[in-house]
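Colleague: I have not looked at this one before. Can you walk me through it?

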Amino acid sequence: MRWQGGRRGGNIDDRRGMGGGAAVGGLGIGGLILAAVGYFVFGIDPSTTQQITSQLGGATASGEQGQAGSPEDQAGQFVDVIGTNIDDVWSRQMEGYRPPTVTLYEGGTGTACGTGQAAMGPFYCPADQHVYLDLSFWEELGGSLGGSGAEFARAYVIAHEYGHHVQTLTGTSQQVQRAQQRARGQTEANRYSVALELQADCYAGVWARNAAAVSNGQVTIEAGDLEEGMKTASAIGDDTLQRRSGRAVQPDGFTHGSSEQRVAALRRGYESGDPNACAISGLS
């Protein structure tokens with residue numbers, strides 16, 4: 001993947017080095033991610049954010065803020081360039097698009113959705129419209145989670161979270177919440193959660209298809225990149241994560257989609273390049 005030299009928007013809230021602790025309840029980051037069976041991977045369901053943070057000992061937003069602007073280290077620059085490129089794509093695709101802020105942190109941090117923890121993986125908080133990233137997740141992604149350590153796989157993670165931001169701006173997240181409230185039982189409600197997550201995967205594919213066009217080729221998806229993204233999508237499917245945790249596969253408990261579904265959603269977005277191809281049916 002080519003990205004160095006790409007435009008940097010500077011919409012980063014860098015809280016790294018401000019503390020927070022990297023484990024909860026005596027378990028390491030990897031152990032918690034696997035124990036959660038993928039529930040937190042690539043985004044928290046907005047309708048349950050407060051419940052999740054409560055269970056993790058979270059509090060309400062602390063109002064903390066780090067250094068704003070463009071980080072100078074390579075990892076921070078990567079997030080800045082990719083996030084800016086995603087913003088440029090969605091600014092062309094969606095009238096009235098407003099970029100989220102990307103918060104980089106270590107261990108834990110205050111958010112408008114409660115206390116964010118590294119164990120959650122990357123997540124989006126609709127209440128403050130921030131994407132939260134603890135960059136130690138990259139090691140988990142290419143290690144214990146069985147995904148790819150390639151740069152495009154990391155960009156896919158970021159683009160997925162931006163997809164949740166788009167869903168907030170379009171009102172799709174709110175529609176899903178209403179549908180879940182009308183649902184007859186948890187199984188039906190989970191299906192809407194899956195639909196929301198698969199749409200975010202599809203949106204990540206839309207970004208990837210359009211990345212070069214909005215950057216004059218400075219951000220470019222190269223040969224083999226999409227395959228690395230699909231490898232990661234497969235690795236964090238609900239069924240794969242359930243097996244890895246030692247549990248039997250229980251489709252009724254899926255919240256993000258199976259490996260096959262996640263791969264298909266990413267591919268659909270990439271092949272079409274059109275957000276309309278990612279629409280969720282049955283919402284009102």
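Modeller: What follows goes from the overall fold to salt bridges, a helix, a pocket and two loop residues. Keep in mind that this is a predicted model.

Colleague: Fine. How many helices and strands does the protein chain have?

Modeller: The protein chain has 10 helices and 7 strands.

Colleague: And what share of the residues is buried?

Modeller: Of the 284 residues in the protein chain, 56% are buried. The accessible surface of the chain is about 11,400 Å², and carbon and sulfur atoms account for 45% of that.

Colleague: What about contacts between residues at least 6 apart in sequence: what percentage join residues at least 24 apart?

Modeller: That figure is 79% in the protein chain.

Colleague: Next topic. How many salt bridges are there?

Modeller: The structure has 10 salt bridges. One of them pairs Asp88 with Arg7, with 2.7 Å between the closest N and O atoms.

Colleague: Why does that pair tie together parts far along the sequence from each other, and where do the two residues lie?

Modeller: Asp88 is in helix α3 (residues 74–93) and Arg7 is in the segment before β1 (12–14), so the salt bridge links parts that are 81 residues apart in sequence.

Colleague: Which residue does Arg16 meet in a salt bridge?

Modeller: Arg16 meets Asp14, at 2.7 Å from N to O.

Colleague: Is Asp14 buried or exposed?

Modeller: Asp14 is buried, because its relative accessible area is 16% and the cut-off for buried is under 20%. Its partner Arg16 is at 23%, so Arg16 counts as partly exposed.

Colleague: Where do Glu271 and Arg267 lie?

Modeller: Both are in helix α10 (residues 259–272), 4 residues apart, or about one turn of the helix. Their side chains form a salt bridge with an N to O distance of 3.8 Å. In an α-helix there are 3.6 residues a turn, so residues three or four places apart point the same way. Arg267 is partly exposed, at 36% relative accessibility.

Colleague: Which residues are joined into one network by salt bridges that share partners?

Modeller: Arg8, Glu72 and Asp80 are joined that way.

Colleague: Moving on to helix α8. Which of its residues are buried?

Modeller: Helix α8 covers residues 225–235, and its buried residues are Asp225, Leu226, Gly229, Met230, Thr232, Ala233 and Ala235.

Colleague: What do they pack against?

Modeller: The buried residues of α8 pack against α4 (137–142), α5 (151–170), α9 (238–244) and α10.

Colleague: Now pockets. What is the volume of the second largest pocket?

Modeller: The second largest pocket has a volume of about 190 Å³. Its lining has 14 residues, and those nearest the centre are Thr170, Thr172, Gln199, Tyr203 and Pro275.

Colleague: Which helices supply at least two residues each of that lining?

Modeller: Those are α3, α5, α6 (172–182) and α7 (186–210). By type, the lining has 8 nonpolar residues, 6 polar and no charged.

Colleague: Last thing. What is the phi of Gln129?

Modeller: Gln129 has a positive phi of about 55°, although it is not a glycine. Gln129 sits in the loop between β6 (123–125) and β7 (130–133), and at 24% relative accessibility it is partly exposed.

Colleague: And where is Asn216?

Modeller: Asn216 is in the loop between α7 and α8. Asn216 is not a glycine either, and its phi is positive at about 55°. With a relative accessibility of 76%, Asn216 counts as exposed.

Terms used:
Residues numbered from 1 in each chain as written. Predicted model: local features only at pLDDT ≥ 70, side-chain atom pairs only at ≥ 80, totals over all residues. Heavy atoms only, no water. Salt bridge = Lys/Arg side-chain N within 4 Å of Asp/Glu carboxyl O. Buried < 20%, exposed > 50% of the residue type's maximum accessible area, 1.4 Å probe, protein only. Contact = heavy atoms within 4.5 Å. 1 Å grid on protein atoms, 1.4 Å probe; cavity = no way out; pocket = protein on both sides within 12 Å on 5 of 7 lines; lining within 4 Å. Points joined across faces, edges and corners; volume = space filled by probe spheres on them. Nonpolar A, V, L, I, M, F, W, Y, C, P; charged D, E, K, R; others polar. Areas by Shrake-Rupley, 256 points an atom, 1.4 Å probe, with all protein chains shown as cover.
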